[in-house]
Every structure is written in structure tokens, then in C-alpha cells.
Amino acid sequence: MTAPRPPRRTRCLTVGSSDSSGGAGIQGDLKAFASVGAYGATVLVGVTAQSPAGVIASAPVDLDLVAAQLDTVLADIGADGVKVGTTWSAALMHLVADRLAGIPAPLVVDPVLVTAAGSGLSGGQDAVDALCERLLPMAAVTTPNFAEARRLTGLTDETDPAVLAGALVRRGARAVVITDVPGGGDWLFDGRRHRAVPGPRHATGCEHGAGCAHSALLTAFLARGVPLPRAAELAHRAVAAGVANGAVDIGRDRHPVDLLTATAADTATDTETDTDTDTATATGAAAAVGAATATATETGAATATDTDAAAAVGAAVVGGDRGRPA
Ligand SMILES: Nc1ncnc2c1ncn2[C@@H]1O[C@H](COP(=O)(O)OP(=O)(O)OP(=O)(O)O)[C@@H](O)[C@H]1O
Ligand SMILES: Cc1ncc(CO)c(N)n1
């Protein structure tokens, strides 16, 4: 009799660029995957010199090296969920689309065109067109911020997220989450139904990497089979908590989001007694899915009342593959 195979952890792959400050890009993605216990692999497509204040210099990685990374990681590690970030060139978009075509894993496309600090970070219009034509139709969801949604649709003065999301679906997206819409929170359109993903805005200045963290968490949750509306809610709550409890001690004027230490800080010396309910209850990615995390961590079983959340986080914590799509 052969021994049962141990449960496999969720494998997430990010195709993105390096952020020298460590807060966004592939570094941010790895932290976001780790915050929910997913295994993160990376295909590096570019390098940036940046701080939370902005991008100073950048360069793409040679396409042959990108192809070799994709082939190697997909052949050996595989992926249950894939995220694509920075869009350096049309050639890169075509290469990534060719290599990812047909892989049985949800794809999240975070079209990084404008960073939280307002820096442009993308190729030209041909890269944007290739992204829309090749990658958006393959993706389970795309997650532009408000400025990116305007750029992708060409609706540069549009203020209504529903109009922008509708236009993106007409451009080929299957589903859209526009992040940080006016008034706070996100906007989800799954191609059939529009809905707000509400949440308060936190004025901590810790927004660097928020978009990367959001799309990486969405990738991990979708990889575990959490339905998109719930995954969008969980990802937003986790990131908003990471902004509220961000790394204010890192960076001069602007600071990175922090998904990892908030939970630890919560259980540490308790020097901060925060009465703001959102801040107090939603500390860190793990706590954003509520008691589910704690229960799963302690008992090794996702016994919390919030089943989606438990599936999303619990599976990672116990290294299992519950919730994985067939
Ligand atoms: N100040 C804030 N308070 C609460 N939530 C926020 C705040 N800023 C952003 N968020 C949330 O963070 C997530 C990412 O949104 P955002 O629009 O900042 O991404 P982005 O602009 O792509 O970020 P970046 O370029 O730094 O990666 C969304 O769920 C959004 O609602
Ligand atoms: C490399 C990189 N990717 C993504 C973002 C998100 O805006 C960033 N600031 N830097």
C-alpha cells in the first residue's frame, strides 16, 4: 500500500518586475502570497530603481530570459494561480500570452501603468493594445486602478467606475475590479453584475504596493476556488488593513503597505489600542478573513463559520489543497 500523498500547498506565480524598495512589484507579491500561506514563484520581466516616492529608472529583462523563466517554473513548479503585472512591451505581452495559453489556473492581470505615487510604468500604446487583445480575454479578472482604467479605455475624463468597467469588458476583459474608486473601496463588474466593494480609506500614507498586494491576494484566493465576489471582498479588506497598519517607519514621506506584521503586532505587546473598528478588527491579510485564520492555524482545520475565508486561508495554513478548482 502506498502512503497517501501529503496535501499540496497553493502555488502562485507572479510575472512582474522588481521594486528596489521592496514594497511593490514581485517583492510585494511574494509577501502577499506568504501572508496567506501560498507558495510564490516569480518570473522577473523588468527591474526598477524606485522608492515609495516614485520610479527613478527602469529596464525590461531580455525576452529570451523571460521565456526561459516561464518555461522552467511552469515545467517544474507549476501554478494554481498566475498574476501578470508590469507591461513593458507588446512583444512581452505576446510572449506571456503564448506561454500561459491553456494553463489550467486562474489568471489575474494587474495592468501596472500608473503607480500609487503617480509614476508611469509601462510600454507604449502598442503594449496596452496587446495586453487588451491577448491577456484580458484569458484572465479571470483584471485589476486596474482608476487611472489605469481610464488609460485602458481611453475614457480619460470618465468618473463613473461602472462605465469604465463596462468599457473594459467590451475591450475583452471577462471581469474587472477597479481599485480605489472615488469615495473609497473598489468596483467589481463580472460581466453581468456591477457591485461596489465598499471600505473606508485610511490616511496613513502607506499605499505603496497596495495594488500589487491586492492582485496577488486575489490570485491566491481564486487559485483556492474562492468565488470572485468573495475573493474581491477579502482581498480589499486585507489590503485596506495593510494600509491602516502600514510600514510608517519605512520610507521618508510615503510608505509601503504591510500585510505581514500587522497580525504579529496584534498579538504582541498591545501598545496600541485602536478603537477604530476597521483598523482593530482587520489587521493584516490573515485577520482580514476574520477568525477563520486563527482557527485554521490553531486547529489545522478550517472550522470557522466563514467557509470561503476558511477555504482561502485555512488551506494554506495546513498546507492542504482544499478549495482548489478541479
Ligand atoms: N488609503 C487607502 N485606504 C484603504 N484602502 C486602500 C487605500 N488605498 C488603496 N486601498 C485599497 O488597496 C487596494 C489597491 O488599490 P490601489 O488603487 O491603491 O492600487 P494601485 O494604485 O494599483 O497601487 P500600487 O500602484 O501601489 O500597486 C484596493 O483594494 C484599494 O481599495
Ligand atoms: C515594479 C513595480 N510593479 C508594480 C508596481 C505597482 O504600482 C510598482 N510600483 N513597481
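These notes walk through a predicted model of a protein with a bound ligand, point by point.

1. **Overall make-up.** The protein has 326 residues, and 52% of them are buried. Its secondary structure comprises 13 helices and nine strands. Contacts reach far along the chain: of those between residues at least 6 apart in sequence, 68% join residues at least 24 apart. The exposed surface comes to about 13900 Å², with carbon and sulfur atoms supplying 54% of it.

2. **Main core.** The largest nonpolar core holds 46 residues. Leu13, Val15, Leu135 and Ile178 have the most contacts inside it. Helix α3, residues 90–100, gives the most to this core, with seven residues. A second core is separate from it and has 30 residues, including Cys12, Ala216, Leu218 and Ala231. In soluble globular proteins, nonpolar side chains tend to be buried together.

3. **Ile178 in detail.** Ile178 is worth a look as one of the core residues with the most contacts. Beyond its sequence neighbours up to four places away, Ile178 touches Pro144, Asn145, Phe146 and Ala149. It also touches Pro161, Leu164, Ala165, Asp186 and Trp187. Of these, Pro161, Leu164 and Ala165 are buried residues of α6. Asn145 and Asp186 are among the closest residues to ligand 1.

4. **Ligand shell.** Which residues are closest to ligand 1? They are Asn145, Thr179, Asp186, His202 and Glu207, out of 21 that surround it. The shell divides into seven nonpolar, ten polar and four charged residues. Helices α7 (210–223) and α8 (228–244) each supply at least two shell residues.

5. **Backbone contacts to the ligand.** Three contacts deserve a check in the viewer. A nitrogen atom of ligand 1 lies 2.8 Å from a backbone N or O atom of His202. An oxygen atom of ligand 1 sits 3.0 Å from a polar backbone atom of Gly209. For Gly211, the distance from a polar backbone atom to an oxygen atom of ligand 1 is 2.9 Å. Taken alone, ligand 1 exposes 630 Å², and the protein buries 95% of that.

6. **Ser215.** This residue belongs to helix α7. Ser215 counts as buried because its relative accessibility is 0%, under the 20% cut-off. Its side chain makes a polar contact of 2.8 Å with the side chain of Asp110. Leaving aside neighbours within four places in sequence, Ser215 is in contact with Lys83, Val108, Asp110 and Thr143.

7. **Helix α6.** Residues 161–170 form this helix, and seven of its ten residues are buried. They are Pro161, Ala162, Leu164, Ala165, Gly166, Ala167 and Leu168. The cover over them includes α5 (146–153), β7 (176–178), β8 (186–189) and β9 (194–197). At the N-terminal end, Asp160 acts as the cap: a side-chain oxygen lies 2.9 Å from the backbone nitrogen of Ala162. Just after the helix, Gly172 takes a positive phi of about 125°.

8. **Arg174.** Arg174 lies in the loop between α6 and β7. Is Arg174 exposed, partly exposed or buried? It is partly exposed, because its relative accessible area is 47%, between the cut-offs of 20% and 50%. A polar atom of its side chain is 3.2 Å from the backbone oxygen of Met138. Not counting residues up to four places away, Arg174 touches Leu136, Pro137, Met138, Ala139, Ala140, Val169, Asp190 and Gly191. Thr142 is 32 residues away along the chain, with a C-alpha separation of 8.1 Å from Arg174.

9. **Asp180.** The loop between β7 and β8 contains Asp180. Its phi is near 50°, a positive value in a residue other than glycine. Most residues other than glycine have a negative phi. Asp180 counts as partly exposed, at 38% relative accessibility.

10. **Gly124.** Gly124 is found in the loop between β5 (107–109) and α4 (125–135). It is partly exposed, with a relative accessible area of 35%. Its C-alpha atom is 23 Å from that of Gly166, which is 42 residues away along the chain. Gly166 is one of the buried residues of α6.

Terms used: Residues numbered from 1 in each chain as written. Chains lettered and ligands numbered in written order. Predicted model: local features only at pLDDT ≥ 70, side-chain atom pairs only at ≥ 80, totals over all residues. Heavy atoms only, no water. Core = buried A, V, L, I, M, F, W, Y, C linked by side-chain atoms within 4.5 Å. Buried < 20%, exposed > 50% of the residue type's maximum accessible area, 1.4 Å probe, protein only. Helix = DSSP H or I, 4+ residues; strand = E, 2+ residues; numbered from the N terminus. Contact = heavy atoms within 4.5 Å. Near = heavy atom within 4 Å. Polar contact = N/O pair within 3.5 Å; in protein donor to acceptor, adjacent residues only side chain to side chain. Areas by Shrake-Rupley, 256 points an atom, 1.4 Å probe, with all protein chains shown as cover. Nonpolar A, V, L, I, M, F, W, Y, C, P; charged D, E, K, R; others polar.
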